[in-house]
Amino acid sequence: LCLLALGLVHGAPQMFIWVCDGCTYGTKVSKAEAEFNGDVTGKLAVEHILGEDGSSSLEIKGPLEGLLAARVHFRIHEGPTCESGIFHKEKCDNCQSYISLKILKSRKLLTIGGENDVLNKALSVIDTRRGNMLGCAQIVLPGP
């Protein structure tokens, strides 16, 4: 029985880099948030993850309420309002209750506090089919 358990554990994929605050390795996580109020409500976590190997990604995730459209685009705008130009957009299919977007450096380098900074930029949710804006928020540092 012990040999069987050892075989299963040994054969399982291993994770060598853990993303966590306070870890002793070189992965850096910068955090921000975007809170939607209006037709769509909820607070999304925005994290920039910079690995010690140089990999980089921006993650936007969290629950949203009132999102009835099955196909939406999330737009990061060039300025602090949703009327400013589009800096980057991501399609999200079937993201009605929980949003989980990951933008890799290979697609577009987006950071918090660095090159292509998203901090203090607007984030909007657009109904892809109808083209109307469902919500607007600003990406800010998290409150105390």
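In the predicted model, Ile 76 has Leu 123 of strand E7 as its bridge partner. A further contact of this kind places Arg 75 opposite Ser 124 in E7. These residues belong to the pairing of strand E4 with E7 (residues 122-127), which is antiparallel and comprises five bridges. Strand E4 also pairs with strand E5 (residues 86-93), again in the antiparallel sense, over seven bridges. Within E5, Glu 90 is the residue that stands opposite Phe 74. Strand E4 itself, spanning residues 71-77, is mostly covered, with five of its seven residues buried.

These pairings form part of an open sheet of eight strands, arranged in the order E5-E4-E7-E8-E1-E2-E3-E6 with antiparallel pairing. The edges of the sheet are occupied by E5 and strand E6 (98-104); each has a single partner strand, so one side of each is left without a neighbour in the sheet. From one strand to the next, the twist averages 20 degrees. In general, strands of a sheet pair through backbone hydrogen bonds, in either a parallel or an antiparallel arrangement.

With respect to aromatic side chains, the structure contains zero aromatic pairs. Phe 87 nevertheless has charged residues over the face of its ring: Lys 108 lies there at 4.5 Å from the ring centre, and Lys 121 lies over the face of Phe 87 at 5.4 Å from the ring centre.

Conventions. Residues are numbered from 1 along each chain as its sequence is written. This is a predicted model: local features need pLDDT of at least 70, side-chain atom pairs count only at pLDDT 80 or more; totals for chains, interfaces and linings use all residues. Side-chain values use heavy atoms; hydrogens and water are left out. Rings of Phe, Tyr and Trp (its six-membered ring) pair if their centres lie within 6.5 Å; planes under 30 degrees apart count as stacked, over 60 as edge-to-face and the rest as tilted. A charge sits over a ring if NZ of Lys or CZ of Arg is within 6 Å of the ring centre and within 35 degrees of the ring normal. Buried means under 20% relative accessible area, exposed over 50%, partly exposed in between (1.4 Å probe, protein chains only). Helices (H or I, at least four residues) and strands (E, at least two) are DSSP runs, numbered from the N terminus. Two strands pair if DSSP finds at least two bridges between them. Axes are lines fitted to C-alpha atoms, for helices over the stretch in contact, and angles run from 0 to 180 degrees between N-to-C directions.
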